[in-house]
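Please look at the model below and follow the description from the metal site outward to the bound ligand.

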Amino acid sequence: MKIEQDQISTINKTSWQQHNEAFDHLASTIKHIDVEDIISTLAEFQIAIPSWALGAGGTRFGRFRFGGEPATLAQKLNDIGVLHSLTGSAGAVSLHIPWDIPEDYKAIKEIASSHNIEFDAVNSNTFQDQPDAQHSYKFGSLSHIHRDIRNQAIAHNKEVIDIGTKLGSKSLTIWLADGSSFPGQHNFQKAFSHTRESIVDIYNYMPEDWKLFIEYKPYEPNFYSTVIQDWGTSLLLANACGERAFTLVDLGHHLPNTNIEQIVATLMLHGKLGGFHFNDSKYGDDDLTVGAIKPYALFLIFNELVYGMKHNTNNPTPSWMIDASHNIKDPLEDLLQSLDAAMIAYAKAMLIDQKKLSEAQQSNDVSRCQEILKDAYLTDVRPIVQQARLNVSAALHPLEAYRSLNVRKQLIKERGLKTAATGL
Ligand code: LRH
Ligand code: MN
């Protein structure tokens, strides 16, 4: 399934007039910033698609297959190609190993480049036991009390780096399920020290131009303690490694009401914000559609990113990735909505009059500060996001285009109803 350029321009024609009127009107109301700057920044904003979220996700209570799911890495790349054709902002994939070990590297790289898709961070997996594994990760991996299990997990991470190197990836993401579910089960200090020693070993194995992203999470699958539980622990480990190690912020990995935008600001100030796993949640690590539950919080996070990318030149451009799980929606529709929500939040944040905001903060004019954010947040920026897509020959309305092209029906025709994608 490949979407041709002329199919998209034919569909765009149906709403082109209406889009132009909306865009011209909006652009005429924006005086304090050049809308073309926002549009060019959005065009560069490429969000990596998780290879593990192209099929139906599930929970311990069940999984409802979706029909036409990609059964191979090649099919996954083709599905990301569909997302990239429709949005122009899905130009990268984040692989999870061993769920997506390429059989034919040359072929996989050719398929990816045929869709203009790059290989973003590769993810290791020491939270599941592999059939041929000598040791189990039941009681941990890089933090395990026994060195031979730690060595097995370290070796796996080095193998993931080798796989990523062959694909052209330049970064490794480590997320550890390691932790305990009952008081007394873990010696916290030993678990941390073992983890630090293991991660430093992996870091020193990475090629010179690679980055390491250390992802934190407060709980699940362990329910009393998690070794890398929060941003502070991740930062300590990144500092123990060196300047090419960073903290990765998964939006769903925070206890209720955590001020994530403040974490983002603090990490950027210290040059240690490596990247994001965008999603949304109401309660726990729900992996829901980006912006579906707390769109204002996402806007505030992008406000800190816009400020940080201007003022914290010591922080590299973060790696943008989605990490979601689709239990009841078409995975591709969910990802189209997540891509759109991230673009909209970024565009609204770029509309904030940072100069006026800084003046109001300087004079502690609290109400004025709130009004400046509100003005940007309540601006319907969709015409700007649509113009950015139009400029890269993508669809004005990706979800509508996806449906009018009957993509899912076509995928089911090609793959059948029973195919199952590897992943969560
Ligand atoms: C852990 C996590 C991590 C991935 C996994 C698929 O909850 O967010 O990023 O390895 O999901
Ligand atoms: Mn994640």
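In this predicted model, the manganese ion (ligand 2) takes its protein donors from Glu215 (OE), Asp250 (OD), His277 (ND1) and Asp323 (OD), which lie 2.1 to 2.2 Å from the metal. Along the sequence these donor residues follow the spacing E-x34-D-x26-H-x45-D. What is the arrangement of the donor atoms around the manganese ion (ligand 2)? Six donor atoms surround the metal, and the angles they subtend run from 72 to 168°, so the arrangement is octahedral.

The next part is ligand 1. The residues surrounding ligand 1 include Glu215, Asp250, His277 and Asp323, each of which also donates to the manganese ion (ligand 2). The rest of the shell consists of Trp52, His96, Phe127, Trp175, Lys217, His253, Asp285 and Leu424. Sorted by class, the shell holds five charged, four nonpolar and three polar residues.

Several side chains place polar atoms by oxygen atoms of ligand 1. For Asp323, an N or O atom of the side chain is 2.7 Å from a ligand oxygen. The corresponding distance is 2.9 Å for a polar side-chain atom of Lys217 and 3.0 Å for one of Asp285. Ligand 1 taken alone exposes 300 Å², of which the protein buries 96%. The space that ligand 1 takes is the largest pocket.

Definitions and conventions. Residues are numbered from 1 along each chain as its sequence is written. Chains are lettered from A and ligands numbered from 1 in the order in which they are written. This is a predicted model: local features need pLDDT of at least 70, side-chain atom pairs count only at pLDDT 80 or more; totals for chains, interfaces and linings use all residues. Side-chain values use heavy atoms; hydrogens and water are left out. A residue is near a molecule or strand if one of its heavy atoms lies within 4 Å of it. A polar contact is a pair of N or O atoms within 3.5 Å; within protein, one must be able to donate a hydrogen and the other to accept it, and residues adjacent in sequence count only if both atoms are side-chain atoms. Accessible areas come from the Shrake-Rupley method with a 1.4 Å probe; for residues, only the protein chains shown count as cover. On a 1 Å grid over the protein atoms alone, a cavity is a set of points where a 1.4 Å probe fits but cannot get out, and a pocket is an open set with protein on both sides within 12 Å along at least five of seven lines; lining residues have an atom within 4 Å of a point. A molecule sits in a cavity or pocket if more than half of its atoms lie within 2 Å of its grid points. Ala, Val, Leu, Ile, Met, Phe, Trp, Tyr, Cys and Pro count as nonpolar, Asp, Glu, Lys and Arg as charged, and the others, Gly among them, as polar. Donors are N, O and S atoms within 2.8 Å of the metal (3.2 Å for Na, K and Ca); water is not among the atoms, so sites may look incomplete. Four donors count as tetrahedral if all angles lie between 85 and 135 degrees; four count as square planar and six as octahedral if opposite donors are over 155 degrees apart and all others between 65 and 115; anything else is irregular.
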